[in-house]
Amino acid sequence: GRTYRLLNVASHMWSYPFGGMGADVPYAHNLWFDCARVAGLFPFMLLIVLSFKYIQALFNIINNNIIDLILRYTFWFLSLAMLMVFLSEPVLEGIPMIFEFFCFLLGVIMYYAQCLERRNWNFVMM
């Protein structure tokens, strides 16, 4: 079921570079491939770059001992839970609130990562 849908979207992705696969190709049950199915290749690539930046900032925070351990675990478990949902559900069209929460958490994590880069310990240690 889901593997077939994912491969179906992946094979049609190049035929529809601007998205709009519609009812011809059902949900891929994957955030990134559903983005390609609906919006096209350019937003798909942007979402992949955004995801890698998120993972990079998350690992910078998790591996830094200055930030409280509970906060690091919270970031880790929220990110892991969202990843599991992103890999199994049609988030953009089915549950957009989870993607909105991902964008919010991305902003928080990127801000913490910037504070660590600038050595702004006052905010990080709160």
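**Notebook: patch, rings and salt bridges**

I began at the surface, where a nonpolar patch of about 1,100 Å² is made by Phe-52, Ile-55, Phe-59, Leu-69, Tyr-73, Trp-76, Phe-77, Leu-80, Leu-83, Met-84 and Leu-87. Looking up where these residues sit, I found that the elements giving two or more residues to the nonpolar patch are α3 (41-62) and α4 (69-86). The largest share, seven residues, comes from α4. I note here that the model is a predicted one, and I read every value below as computed from that model.

**Entry on Phe-59 and Ile-48.** I picked Phe-59 as one of the patch residues and placed this residue in helix α3. Is Phe-59 buried, exposed or partly exposed? Its relative accessible area is 38%, and Phe-59 is therefore partly exposed, since that class lies between the 20% and 50% limits. Ile-48 is also found in helix α3, and because its relative accessibility is 26%, I entered Ile-48 as partly exposed. I then looked up the distance from Ile-48 to Ile-61, and the two C-alpha atoms are 20 Å apart in space for a separation of 13 residues in sequence.

**Entry on aromatic pairs.** I next went through the rings, since a pair of aromatic rings is described by the distance of the centres and the angle of the planes. The count comes to nine aromatic pairs. Among them I looked up Phe-75 with Tyr-112, an edge-to-face pair with 5.7 Å from centre to centre and 70° between the planes. Phe-75 lies in helix α4 and Tyr-112 in helix α6 (residues 96-117), so this pair ties together parts that are 37 residues apart in sequence. Both partners, Phe-75 and Tyr-112, are buried.

I then turned to Phe-101 and Phe-104, whose rings form a tilted pair, 6.4 Å centre to centre and with 35° between the planes. About one helical turn separates Phe-101 from Phe-104, because they are three residues apart in helix α6. What is the accessibility class of Phe-101? At 34% relative accessibility, Phe-101 counts as partly exposed. Phe-104, at 56%, counts as exposed, because the limit for that class is over 50%. I also recorded a cluster in which ring pairs link Trp-32, Tyr-54, Phe-86, Phe-99 and Phe-102.

**Entry on Ser-79.** Returning to helix α4, I looked up Ser-79, which is found there. Its relative accessibility is 8%, so Ser-79 counts as buried. Which backbone oxygen lies 2.7 Å from a polar atom of the Ser-79 side chain? That oxygen belongs to Phe-75, the residue I had already listed as the edge-to-face partner of Tyr-112. Leaving aside residues up to four places away in sequence, Ser-79 touches Tyr-54, Leu-58, Leu-105 and Ile-109; of these, Tyr-54 is one of the residues in the ring cluster noted above.

**Entry on His-29.** I checked the backbone of His-29, where phi is near 55°, a positive value in a residue other than glycine. I kept this entry because most residues other than glycine have a negative phi. His-29 lies in the loop between α1 (2-12) and α2 (31-38), and because its relative accessibility is 15%, His-29 counts as buried.

**Entry on salt bridges.** Finally I looked up the charged pairs, and the count comes to two salt bridges. In one of them the side chains of Asp-34 and Arg-37 meet, at 3.5 Å from N to O. Asp-34 and Arg-37 are three residues apart in helix α2, so about one helical turn separates them. Asp-34 has a relative accessible area of 2% and is buried, and Arg-37, with 5%, is also buried.

Which residue forms a salt bridge with Arg-37 at a distance of 2.2 Å between the closest N and O atoms? I found that this partner is Glu-93. The pair links distant parts of the chain, with Glu-93 in helix α5 (residues 91-94) and Arg-37 in helix α2, 56 residues apart. Glu-93 counts as partly exposed, because its relative accessibility is 42%. I closed the entry with the network: salt bridges that share partners join Asp-34, Arg-37 and Glu-93 into one.

Key:
Residues are numbered from 1 along each chain as its sequence is written. This is a predicted model: local features need pLDDT of at least 70, side-chain atom pairs count only at pLDDT 80 or more; totals for chains, interfaces and linings use all residues. Side-chain values use heavy atoms; hydrogens and water are left out. Patches are made of residues with over 30% relative accessible area and no salt bridge: like charges are joined within 9 Å, nonpolar side chains (Val, Leu, Ile, Met, Phe, Trp, Tyr) within 5 Å. Accessible areas come from the Shrake-Rupley method with a 1.4 Å probe; for residues, only the protein chains shown count as cover. A salt bridge is a side-chain nitrogen of Lys or Arg within 4 Å of a carboxyl oxygen of Asp or Glu. Helices (H or I, at least four residues) and strands (E, at least two) are DSSP runs, numbered from the N terminus. Buried means under 20% relative accessible area, exposed over 50%, partly exposed in between (1.4 Å probe, protein chains only). Rings of Phe, Tyr and Trp (its six-membered ring) pair if their centres lie within 6.5 Å; planes under 30 degrees apart count as stacked, over 60 as edge-to-face and the rest as tilted. A polar contact is a pair of N or O atoms within 3.5 Å; within protein, one must be able to donate a hydrogen and the other to accept it, and residues adjacent in sequence count only if both atoms are side-chain atoms. Contact means heavy atoms within 4.5 Å.
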